[in-house]
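Please take a moment to look over the structure below before reading on. The paragraphs that follow lead through it step by step.

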Amino acid sequence: MDVRIDSFGALLDSLPSITKEGLLIHAQRLPASARTLLLPRQLAYYYDHPARDGEIPQPTGFVCGVSGRNLLPAVNFCQDIRAWRARLERHGIKVVSAASFSGRSQRDHLRYAKKLGYPVVLKPVIRNTLYEEFITDIKSEDELEFLFRKSRELKKNKASDLAASPYAMTRLSEDHVDEHGRHYLPLSVRYMLEKQLEGRQLRLMMAEGQVVAAFHKHPQDELWQIVETLHESYRVLGEKVAGVMQGMAYLRIDLIVDDPSIEAQEGNHAVIALSEHLKCYKLYYDHPALTQQLLERVAGGSPGRSLDAPMRFAAVLAGISHGQRLESELMRTGRAMGLDLTLEELDEVTGRVRFQAVGPAWAGCALTWVYANGLGIEEVPTSVDIQMDG
Amino acid sequence: MADEQSTRGEVNYYLKVTIGTQDREITGAVEGLVGQRPGKPMTSRYWEYLETVATRLMGSQLDAEALANGRLGPQVKAWVEPTAELIDDARPLDLRQWAKIQRAVSSIHKALKQLFIDFARRMKGEARGAPPAASEDEALVEALFTRAEQVLYLPEGEPPTYTYQPRLQGVLQAPSPPLHPNAFDDTPLMLPLGTMDAKSHLMERECLRQGFNVLRTGKGVFTADKAGQRFYFKLSRSPLVSVDAIALCTHKEATREFLAPLGFPVPRGRMFPSGGYDNATRYANLIGYPVVVKPATGVRGIGVVPNIRSDEELRSAFHVLETSKLGHDDFIVEKHIFGEDYRIMVIGGKVRAATLRAPASVTGDGKHTVAELILIKNRYRQKIPHLKSRPIVYTESTQYQLDKLGYTLHSVPPLGERVNLSGSCNLSQGGDSVNVHHEMHPSIIKLAEDAVKAVPGLDYCGIDFLIEDHRKPVGETDIGICELNAHAAIGTACYPMFGDAVNVPRQAIEEILHNHDMPLAPLDDDRITVKVRVRGKVTGVGFRKWVARHARKGGLNGYVKNRDRRTVEAVLQGSLVAISSLTTACIRGPSEALPTSVRVMHVNESLHDGFTLIR
């Protein structure tokens with residue numbers, strides 16, 4: 001059955017959430033770049049101009065929609081809850097009450113939960129995936145015990161696994177197998193138990209150490225709303241956190257607050273999460289103008305370019321195993337997005353495929369992103385090299 | 001004497017004793033078990049005690065009559081007398097600790113006593129005309145090499161040398177001048193680190209040298225701060241690397257796809273999804289054997305099979321890959337490149353060190369056996385902090401390599417012949433690290449710098465090459481980029497076995513400061529004063545005693561005291577290496593401690609006299 005996708009929004013909705021941010025950045029940068037190289041693990045390199053003789057071109061890099069301007073160890077500290085908590089606490093920034101427990105201390109975490117009082121939140125101490133894995137609203141000891149055991153079931157990540165964080169510390173641990181033959185994470189892997197606070201969620205978007213946007217919502221709501229009157233103390237708090245997390249050019253700070261328009265004081269706020277992922281895709285429909293500003297700030301590129309404008313490009317796919325399958329699938333996918341495709345070369349042995357495409361910019365961005373990351377297609381290339389025509 | 005990880009878990013030391021009489025030598029051995037928890041501080045104290053016992057034994061004059069009658073009791077007792085370091089102020093009331101030490105000492109005493117009774121019996125038997133046990137010495141050497149991981153005793157011999165002499169298309173090239181082994185004064189000062197990884201420690205050392213205060217919250221995790229500027233470090237992951245650069249470098253296929261279109265020499269190959277063996281076999285036939293199979297996101301050589309020459313070998317390689325830790329991953333088949341393994345360190349766009357990683361080998365001197373040459377080389381490896389815990393070990397692979405040459409452990413190789421003992425360049429398998437930067441061809445250096453410059457956000461990189469002859473220009477020698485390492489280990493270049501040492505972490509930290517427009521302000525390496533605060537479960541666990549012992553050993557002045565129930569505070573004055581080793585090791589502490597953070601701050605204090613444990 002032929003499927004038609006007639007807008008960027010429709011395509012964005014159909015993708016896994018961990019690939020959406022990357023696509024938004026890609027849509028911002030691709031039309032403005034002379035050459036774009038898309039590699040596995042949502043790696044994208046954008047070259048502003050074609051390579052000149054004797055010059056080593058310097059592209060702008062993004063991974064999973066995260067800017068290459070973020071320095072590695074700072075991002076790794078963001079992924080390690082214990083590490084950033086310790087640093088924020090030392091600078092007098094209020095963080096949510098929590099403690100971490102390894103698989104060896106099953107009773108301790110139950111005892112601690114009792115001390116904190118239910119409901120509690122359970123999350124891995126070190127985030128090795130792009131998903132922010134956390135379980136909220138745990139209301140009883142039985143529930144916590146079950147979920148703690150369940151969380152520790154081993155999930156192995158492949159290089160091509162989109163959920164695996166490409167910049168996390170590599171985990172090469174031995175499997176632990178229980179008496180039922182189930183694979184578990186090693187006992188040393190730690191989980192964090194947090195008090196689930198009541199109040200409003202406040203999200204501060206930081207760029208170069210400054211608050212560039214603030215949103216809030218009640219935990220049960222889906223929709224993030226722009227904070228109209230953010231109290232100056234929260235702006236200062238955001239800048240203080242960004243100061244502690246130096247090396248993070250772009251940072252998302254999540255807090256629980258009583259009211260973002262009232263001064264931050266002891267007992268009315270706590271930081272619950274830091275992340276390198278700004279998650280602009282969550283704001284894309286509800287706050288398009290602000291989202292666009294954020295994307296332009298992170299991605300650069302050319303402001304004001306319409307995604308519906310026509311675009312002509314040539315692309316080379318590498319690492320193809322089944323030529324025929326690729327050809328039929330590529331043509332079908334291109335058609336579904338309203339692109340006019342011409343296949344120029346298909347070499348099954350070397351795995352290289354070259355084609356030309358004409359169509360709306362959003363469709364070109366979407367097709368190349370879908371192919372680079374193997375989203376809903378059978379024949380997945382290892383790289384997509386795009387040259388802009390004109 | 002040898003320390004080993006017995007598969008049976010019953011024996012971890014082996015002491016070979018040779019006594020010489022007027023006309024002959026008799027050799028015997030004792031073995032036993034002390035300090036069963038590898039990596040724990042107590043284990044190293046037992047090991048040092050054993051070393052002392054061996055030293056006391058060596059060169060001892062024995063009374064001929066007492067020896068002949070097996071009555072060396074008082075002398076044996078003196079040899080095994082526990083050392084002050086072993087006892088470490090353990091009071092008789094500290095029953096658990098005391099009992100452990102007593103048990104260890106008496107077991108060695110008993111074993112040595114029995115050994116000398118056996119010697120006496122053998123001497124009497126031989127005096128009556130009984131033949132000596134056949135090839136007893138050889139059996140002992142075999143036992144030693146099959147089971148030993150660390151060797152303390154060695155015969156006298158010339159220091160080992162390294163001479164680079166590659167083959168180019170089968171033709172032996174002119175040799176480079178021989179290089180002599182290094183010996184670093186840092187080795188004893190770095191003892192507190194034990195088995196801890198040196199990467200993070202070396203970075204911390206340089207941060208302290210530049211006047212940064214350090215907060216360490218894990219074995220490999222610390223923050224350095226100074227004048228409001230803060231840098232994060234995780235093992236050798238430093239602010240010189242961006243988040244996209246690491247994602248590229250840790251994916252071998254992505255690295256290839258990135259570098260190949262820019263004209264860099266990467267081996268021809270491609271990635272296949274897990275289980276895609278049929279296609280991979282077809283591809284191997286297309287590019288031609290020999291090929292290499294490796295996991296797409298591999299580290300430390302896991303699952304890598306090189307030099308595959310047929311479909312059959314390829315099937316075996318897939319089996320190796322499948323059963324490895326990364327067997328579930330996508331994999332790569334690529335053309336095998338001949339040549340030796342190099343790690344070129346590029347910092348701030350410039351090559352700082354080029355280390356050749358050569359397989360374990362010994363060079364014949366026409367006098368010593370292979371076994372003795374291994375012992376001699378291992379003794380010199382003990383002087384290299386990075387190789388101290390990585391001796392040449394006698395394994396099946398060593399046996400295989402010797403068999404290929406028609407040698408055994410008892411063969412005496414002729415003068416100048418290099419005897420390869422391993423097929424792998426891995427330093428942990430006894431490989432040599434040789435800094436060859438001085439003779440590397442400029443075209444290779446430029447190639448390395450250009451490749452790293454092409455990757456945005458990569459100001460620190462260990463680029464792995466395979467090169468047939470590093471003295472020849474690109475184009476005249478087979479060359480291939482295997483890997484870019486954005487978090488490359490730095491100990492190899494800092495402490496090479498042969499060639500000049502390059503302080504890579506120092507250059508990395510200086511580059512970080514340069515990137516952030518911060519001035520270089522190095523402190524005097526020998527006159528550092530810091531205040532250390534260790535938080536966590538650090539009181540009532542012997543933490544102060546542990547700090548004091550290591551501080552005194554490292555020649556440091558200052559004091560250590562309990563600040564409150566969960567904090568130990570110390571002031572350390574002395575050399576940078578000794579201080580930074582101890583502050584890094586504080587995150588682990590003695591075996592019963594559970595420290596959560598270590599804060600190291602530069603302070604101005606008048607010079608303390610010695611090191612005081614404040615009670």
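In what order do the five strands of the open sheet in chain B stand, and is the pairing parallel or antiparallel? In this predicted model, the order is β18-β15-β14-β19-β20, and the pairing is antiparallel. At the edges of the sheet stand β18 (432-435) and β20 (479-485) of chain B, each of which has a single partner strand, so one side of each is left without a neighbour in the sheet. From one strand to the next, the twist averages 25°.

Within this sheet of chain B, strand β14 (residues 340-347) is joined to strand β15 (residues 350-358) by seven bridges in the antiparallel sense, and B:Ile347 is found opposite B:Lys350 of β15(B). Across β14, β15 and β19 (460-467) of chain B lies helix α17 (residues 504-515) of chain B, which runs at about 30° to β14(B).

Helix α17(B) also meets another helix, α8 (residues 198-209) of chain B, and the axes of the two come within 9 Å and cross at roughly 55°. That angle makes α8(B) oblique to α17(B), and the crossing in which α8(B) passes α17(B) is right-handed. On the side of α8(B), the contact is made by B:Leu202, B:Met203, B:Arg205, B:Glu206 and B:Cys207, while α17(B) brings B:Pro505, B:Arg506 and B:Ile509. Sorted by class, the residues of this contact between α8(B) and α17(B) are five nonpolar, no polar and three charged.

Chain A can be approached through its strands as well. Strand β16 (residues 310-318) of chain A runs antiparallel to strand β18 (residues 352-360) of chain A, and eight bridges join them; here A:Pro310 stands opposite A:Pro360 in β18(A). Strand β17 (residues 340-347) of chain A likewise pairs with β18(A) in the antiparallel sense, over seven bridges, and A:Glu345 has A:Arg354 of β18(A) as its bridge partner. Between β17(A) and β18(A), which form a hairpin, there are four residues, and A:Gly351 in the turn has a positive phi of about 80°.

Two helices of chain A also come together, for the axes of α2 (residues 17-29) and α8 (residues 288-299) of chain A come within 10 Å and cross at roughly 75°. The helices α2(A) and α8(A) are therefore roughly perpendicular to each other. Where they meet, α2(A) offers A:Leu24, A:Ile25, A:Gln28 and A:Arg29, and α8(A) offers A:Leu295, A:Glu296, A:Val298 and A:Ala299; by class, this contact has five nonpolar, one polar and two charged residues.

On a wider view, chain A is divided into domain 1, made of 8-65 + 302-388, and domain 2, made of 97-195. The contact between these domains of chain A involves eight residues of domain 1 and eight residues of domain 2, and on the side of domain 1 there are five nonpolar, two polar and one charged residues.

What remains is the meeting of the chains, a contact that takes 46 residues from chain B and 46 residues from chain A. Several elements of chain B give two or more residues to the side that touches chain A, among them β8 (221-226), β9 (229-234), α10 (252-259) and α15 (442-453). Helix α9(B) gives the most to this side, with six residues. The residues of the side of chain B that touches chain A divide by class into 20 nonpolar, 14 polar and 12 charged.

How values were computed. Residues are numbered from 1 along each chain as its sequence is written. Chains are lettered from A and ligands numbered from 1 in the order in which they are written. This is a predicted model: local features need pLDDT of at least 70, side-chain atom pairs count only at pLDDT 80 or more; totals for chains, interfaces and linings use all residues. Two strands pair if DSSP finds at least two bridges between them. Axes are lines fitted to C-alpha atoms, for helices over the stretch in contact, and angles run from 0 to 180 degrees between N-to-C directions. Two residues are in contact if their C-beta atoms, placed from the backbone, lie within 7 Å. Angles under 35 degrees count as roughly parallel, over 145 as roughly antiparallel, 65 to 115 as roughly perpendicular and the rest as oblique. A crossing is left-handed if the near helix is turned anticlockwise from the far one by less than a right angle, and right-handed if clockwise. Ala, Val, Leu, Ile, Met, Phe, Trp, Tyr, Cys and Pro count as nonpolar, Asp, Glu, Lys and Arg as charged, and the others, Gly among them, as polar. Domain bounds come from an automatic or database domain assignment.
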